[in-house]
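Please open the structure in a viewer and keep the selection tool at hand. The tour below proceeds from one selection to the next.

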Amino acid sequence: MIKILHISPNFNYSCGISKYLTLLFRALQKYSEYEIHFITNGGDSISRLTDYNIRFQLMNFSTGIKNLFYIKNFKRQLNDYIISNKIDIVHSHHRFADFIISQIKKNLLIKSIITVHSIVKGLESLSYHSDKILAVSKSVEQNLIQIFSIQKEKIIQLYNPIDKNSELLDVNDAKAKLGFDRETKTLLFIGRICKEKGFDILVKSFNELHEKKLKLIVVGKWIDLNPSIILENDNIIYYQYQSDISLFFNAADIVVLPSRVDPFPFTMLETGLYKKPLIASAVDGIAEFVKDNFSGLFFEIGDYKSLTAKIRSLIHDQDKQKYLADNLHKKVLLLDTPEEYCYKLDKIYRELISGSF
């Protein structure tokens with residue numbers, strides 16, 4: 001029996017890392033030789049962990065500078081947990097967990113791996129000391145090499161998997177379920193509502209459009225922006241992020257992803273999965289996966305006027321919408337399923353245990 005401990009903060013519905021972990025936990029259930037453990041600090045989707053055959057525990061830790069208050073206790077608790085549960089591999093999904101593991105792994109004789117989901121800077125000497133590093137995109141891989149001086153041989157680049165079993169509804173039927181008529185045009189923003197995701201840019205752009213019968217559907221969790229920014233426009237409709245988001249994708253005419261930084265967003269993949277056209281900023285993992293004017297439309301990063309022009313050019317052009325959506329759909333279908341991804345992950349785990357790396 002190989003015992004693997006995953007560690008990640010903030011297990012939320014609107015979190016891409018949490019979605020990634022959910023796909024892994026489901027697929028890894030098929031490996032009877034694995035005992036999967038998970039440590040997190042909480043979140044709004046803890047209840048879905050009961051759907052999978054994993055052992056999970058809550059511990060106090062966080063993200064960013066707040067972790068200075070948690071180092072001592074988290075290190076002690078994590079050390080005790082690994083010993084008492086005889087963990088073989090620790091798979092981190094955040095730099096803080098990776099740092100703590102680097103402090104205790106030699107005494108525990110464990111192997112460590114981290115999936116890097118973010119493009120970050122700073123704390124270079126304290127970051128990414130695992131035996132193996134998974135990068136979710138080529139942009140993340142380049143950031144690790146250029147900023148953190150990680151040797152390329154230590155990195156494995158694997159795109160996030162995608163569950164290809166989606167229910168496609170007629171767009172007008174989906175709109176009707178949300179209370180819109182068929183003449184209403186709908187833009188969709190879905191995910192964390194924050195500056196990093198560029199939501200403030202989208203609001204400025206939408207306020208300039210003045211299109212009749214145009215709605216902006218917003219689905220997500222507020223992070224570092226004030227909800228008051230949407231109050232002045234009655235055509236911006238907000239929903240809390242929830243376990244089933246398929247209806248929102250089905251009801252969308254266009255999905256907008258205005259990120260300032262984005263390593264490899266699930267929203268981009270789900271847009272393709274639901275055969276929707278994408279307007280996005282040409283940044284990081286988006287720019288490496290989407291081709292402008294072929295599988296999406298790019299606007300200049302941070303430029304809300306550029307975004308406004310792209311929306312206006314596409315909102316009434318159904319032929320172009322279909323062309324972009326079909327091409328993105330074909331690209332997304334080339335990605336690994338969770339089962340295919342975990343087949344590769346299984347090989348990595350076994351090589352870690354055997355010392356092949």
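**A tour of the predicted model**

Begin with strand β2, residues 34-40, and add β3: the two strands run parallel and are joined by five bridges. Within this pair, select I39, which stands opposite Q57 in β3. The model shown here is predicted.

Next, widen the selection to the sheet to which these strands belong. The sheet is open and has seven strands, paired in parallel and ordered β3-β2-β1-β4-β5-β6-β7. Its edge strands are β3 (54-58) and β7 (155-157), each of which pairs on one side only. From one strand to the next, the twist averages 20°.

Now display the helices that accompany the sheet. Helix α2, residues 71-85, packs on the sheet and touches β1 (2-7), β2, β3 and β4 (89-92). The direction of α2 makes about 160° with that of β1. Helix α4, residues 138-148, lies across β5 (111-116), β6 (132-135) and β7, and runs at about 165° to β7.

Return to α2 and examine it alone. This helix has 15 residues and reaches 21 Å from its first C-alpha to its last, close to the 21 Å expected at 1.5 Å a residue. Which residues of α2 are buried? They are F74, L78, N79, Y81, I82 and N85. Viewed down the axis of α2, these buried residues fall within an arc of 165°, so they line one face of the helix. A general rule is useful here: an α-helix has 3.6 residues a turn, so residues three or four places apart point the same way. The buried residues of α2 pack against β1, β2, β3, β4 and α3 (95-108). On the other side of α2, K72 and S84 are exposed. Just after the helix, select K86, which takes a positive phi of about 55°.

Move next to strand β11, residues 254-257. Both of its faces are covered: I254 and V256 are buried on one side, and V255 and L257 are buried on the other. In general, the side chains of a regular strand alternate between the two faces of the sheet. Strand β8 (residues 185-193) pairs with β11 in the parallel sense over two bridges, and L188 stands opposite V255. Strand β12 (residues 278-281) also pairs with β11 in the parallel sense, over three bridges; here L257 stands opposite A280.

From V255, proceed to T271, which is one of its contacts. T271 is located in helix α8, residues 266-273. Is T271 buried or exposed? Its relative accessibility is 0%, so T271 counts as buried. Leaving aside residues up to four places away in sequence, T271 touches F249, V255, K276, P277, L278 and L328.

Now select the nonpolar interior. The largest nonpolar core has 74 residues, of which L144, L188, M268, L269 and F289 touch the most other members. Helix α1, residues 16-28, supplies the largest share of this core, eight residues. Apart from this core lies another, of 26 residues, including L187, V218, L297 and I315.

Finish at helix α12, residues 338-354. This helix has 17 residues and reaches 24 Å from its first C-alpha to its last, close to the 24 Å expected at 1.5 Å a residue. Among its buried residues are P338, Y341, L345 and Y349. The last selection is G355, just after α12, which takes a positive phi of about 80°.

Technical notes. Residues are numbered from 1 along each chain as its sequence is written. This is a predicted model: local features need pLDDT of at least 70, side-chain atom pairs count only at pLDDT 80 or more; totals for chains, interfaces and linings use all residues. Side-chain values use heavy atoms; hydrogens and water are left out. Two strands pair if DSSP finds at least two bridges between them. Helices (H or I, at least four residues) and strands (E, at least two) are DSSP runs, numbered from the N terminus. Axes are lines fitted to C-alpha atoms, for helices over the stretch in contact, and angles run from 0 to 180 degrees between N-to-C directions. Contact means heavy atoms within 4.5 Å. Buried means under 20% relative accessible area, exposed over 50%, partly exposed in between (1.4 Å probe, protein chains only). The expected span of a helix is 1.5 Å times one less than its number of residues. The arc is that of the directions from the helix axis to the C-beta atoms. A nonpolar core is a set of buried Ala, Val, Leu, Ile, Met, Phe, Trp, Tyr and Cys residues joined through side-chain atoms within 4.5 Å.
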